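Subject: A structure for you to look at

Hi,

Here is the structure I promised to pass on to you. Please open it beside this email and follow along as you read.

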Amino acid sequence: MIINPVRLYKRWRRLNQEALEEAQMLRRRYGSTALEAARAKLAREDLSSWGRRIMQQTVKMLEKSPV
């Protein structure tokens, strides 16, 4: 299988953008407990594979953020 680097880059950018938006929404809604809320959301069984990737990236972003 041939992997298209442009498509892969666009998918990576979209993943990071959606994860950033999710992290911002969780910070607004939950404040200092946003990381725990993201982990709880990641533990849900009804997430799609794309949703799971977004939540994994969101958890990474929230772990790195100082707030």
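Let me start with a term you will need: a salt bridge is a side-chain nitrogen of Lys or Arg within 4 Å of a carboxyl oxygen of Asp or Glu. Lys41 forms one with Glu22, and their closest N and O atoms are 2.7 Å apart. Lys41 belongs to helix H2 and Glu22 to helix H1, so this pair ties together parts that are 19 residues apart in sequence. Helices here are DSSP runs of H or I with at least four residues, strands are runs of E with at least two, and both are numbered from the N terminus.

Before going on, please keep in mind that this is a predicted model, where local features need pLDDT of at least 70 and side-chain atom pairs count only at pLDDT 80 or more, while totals for chains, interfaces and linings use all residues. Residues are numbered from 1 along each chain as its sequence is written, and side-chain values use heavy atoms, with hydrogens and water left out.

The overall picture

The protein has 3 helices and 0 strands, so to read its elements from the N terminus on is to read α-α-α. Its C-alpha atoms fill a box of roughly 45 × 25 × 15 Å along the principal axes. Of its 67 residues, 27% count as buried; that word means under 20% relative accessible area, exposed means over 50%, and partly exposed is in between (1.4 Å probe, protein chains only). A contact means heavy atoms within 4.5 Å. Among the contacts with a separation of 6 or more, 61% come from residues 24 or more positions apart.

Helix H1

H1 covers residues 5–30, which is 26 residues. The expected span of a helix is 1.5 Å times one less than its number of residues. For H1 that gives 38 Å, and the end C-alpha atoms are 37 Å apart, which agrees. At the N-terminal end, Asn4 acts as a cap, with a side-chain oxygen 3.1 Å from the backbone nitrogen of Val6. This is a polar contact (a pair of N or O atoms within 3.5 Å; within protein, one must be able to donate a hydrogen and the other to accept it, and residues adjacent in sequence count only if both atoms are side-chain atoms). After H1 comes Gly31, which has a positive phi, near 65°.

Which residues of H1 are buried? They are Leu15, Asn16, Ala19, Glu22, Ala23 and Leu26, and they pack against helix H2 (34–42) and helix H3 (49–64).

Helix H2 and the core

In H2, the buried residues are Ala34, Leu35, Ala37 and Ala38. Seen down the axis of H2, they fall within an arc of 160°, so they line one face of the helix; the arc is that of the directions from the helix axis to the C-beta atoms. These buried residues pack against H1 and H3.

A nonpolar core is a set of buried Ala, Val, Leu, Ile, Met, Phe, Trp, Tyr and Cys residues joined through side-chain atoms within 4.5 Å. The largest one here has 10 residues: Ala23, Leu26, Ala34, Leu35, Ala37, Ala38, Leu47, Met55, Val59 and Leu62. H1, H2 and H3 are the elements that give two or more residues to this core, and H2 gives the most, with 4 residues. Leaving out residues up to four places away in sequence, Met55 touches Glu22, Leu26, Ala38, Lys41, Leu42 and Leu47.

Back to the salt bridges

How many salt bridges does a search of the whole structure find? There are 4. In the Lys41 and Glu22 pair, Lys41 is partly exposed at 25% relative accessibility, whereas Glu22 is buried at 15%. Glu18 and Arg14 also meet in a salt bridge (3.0 Å, N to O). Both lie in helix H1, 4 residues apart, about one turn of the helix. Glu18 is partly exposed at 26%, and Arg14 is partly exposed at 48%. Another salt bridge joins the side chains of Arg44 and Asp46 (3.0 Å, N to O). Here Arg44 is partly exposed at 38% and Asp46 is exposed at 55%.

Enjoy exploring the model!

Best wishes
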